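Me: Could you take a close look at one part of this model for me, the salt bridges? I'd like to hear which residues pair up, where they sit and how buried they are.

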Amino acid sequence: MDTLSYRTVTPNAQSVEHEWVVVDATDQVLGRLCAKVAKILRGKYKPCYSPNMECGDNVIIINADKVRLTGKKMTDRVYLSYTGYPGGQRATTPEVLMKKAQNKHLKPGYNPLFIKVMKGMLPKNRLGRRIIENMHVYNGSEHPHAAQNPKVIDINKLK
């Protein structure tokens, strides 16, 4: 090999390997947990990271009902949304979103609080919308993704 002709290797969809990772949210602060999960979803902990590619892992968050918020954020923080109609601005708190996550009629793996927080940490384009689908959030310690052989990681060890 000629030493003067090094090539920069960029990842493509076929060369990226997506793993399955389990993260336990027990007694974790919501924002700090989601910041690390966002890095895993983007693939920033991998050496083959590319900002325009989906090269992250699939993340399963268990015990989401045991996550905590510091201070009075559970009742005082307000998330705004807009329906698109005049007078359609809606305000919700994390406490209300946590109660919605207990609803049996929601799709399994969907948690409104985690979705709201993670959307702010991912790109606001079609890549971000595709990446957020790789996150599965469950209130209990059981999840239906045992067939994918996910590996359990300690989120506190990541930077």
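Reply: Sure, and bear in mind that this is a predicted model. Before the salt bridges, a quick stop at a turn: in the hairpin of β3 and β4, with 6 residues between the strands, Gly 84 has a positive phi near 105 degrees. The two strands, β3 (residues 79–82) and β4 (residues 89–92), run antiparallel and are joined by 4 bridges. Tyr 79, for one, has Thr 92 in β4 as its bridge partner.

For orientation, the protein has 5 helices and 6 strands, in the order β-α-β-α-β-β-α-α-α-β-β along the sequence. Of its 159 residues, 39% are buried.

Now to your part. Searching the whole structure turns up 3 salt bridges. Start with Glu 19 and Lys 151, whose side chains meet at 3.4 Å, N to O. That pair links distant parts of the chain, as Glu 19 is in the segment before β1 (20–24) and Lys 151 is in strand β6 (residues 151–152), 132 residues apart. Glu 19 counts as partly exposed because its relative accessibility is 35%, and Lys 151 gets that label at 44%.

Next come Asp 57 and Lys 46, with a salt bridge of 2.8 Å, N to O. Both lie in the loop between α1 (30–42) and β2 (58–62), so this pair ties together parts that are 11 residues apart in sequence. As for cover, Asp 57 has 9% relative accessibility and therefore counts as buried. Lys 46 is buried too, at 19%, since the cut-off for that label is under 20%.

That leaves Glu 54 and Arg 130, whose closest N and O atoms are 2.9 Å apart. Here again distant parts of the chain are linked: Glu 54 belongs to the loop between α1 and β2, while Arg 130 is in helix α5 (residues 126–131), 76 residues away. This one has a mixed setting, because Glu 54 is buried at 19% relative accessibility, whereas Arg 130 is partly exposed at 40%.

For the wider charge picture, the protein has 26 positive and 13 negative charges, and their mean positions are 8 Å apart. As for long-range links in general, 69% of the contacts with a separation of 6 or more are between residues 24 or more positions apart.

Methods:
Residues numbered from 1 in each chain as written. Predicted model: local features only at pLDDT ≥ 70, side-chain atom pairs only at ≥ 80, totals over all residues. Heavy atoms only, no water. Buried < 20%, exposed > 50% of the residue type's maximum accessible area, 1.4 Å probe, protein only. Contact = heavy atoms within 4.5 Å. Lys, Arg positive; Asp, Glu negative; His and termini not counted. Charge placed at Lys NZ, Arg CZ, Asp CG, Glu CD. Pairing = 2+ DSSP bridges. Salt bridge = Lys/Arg side-chain N within 4 Å of Asp/Glu carboxyl O.
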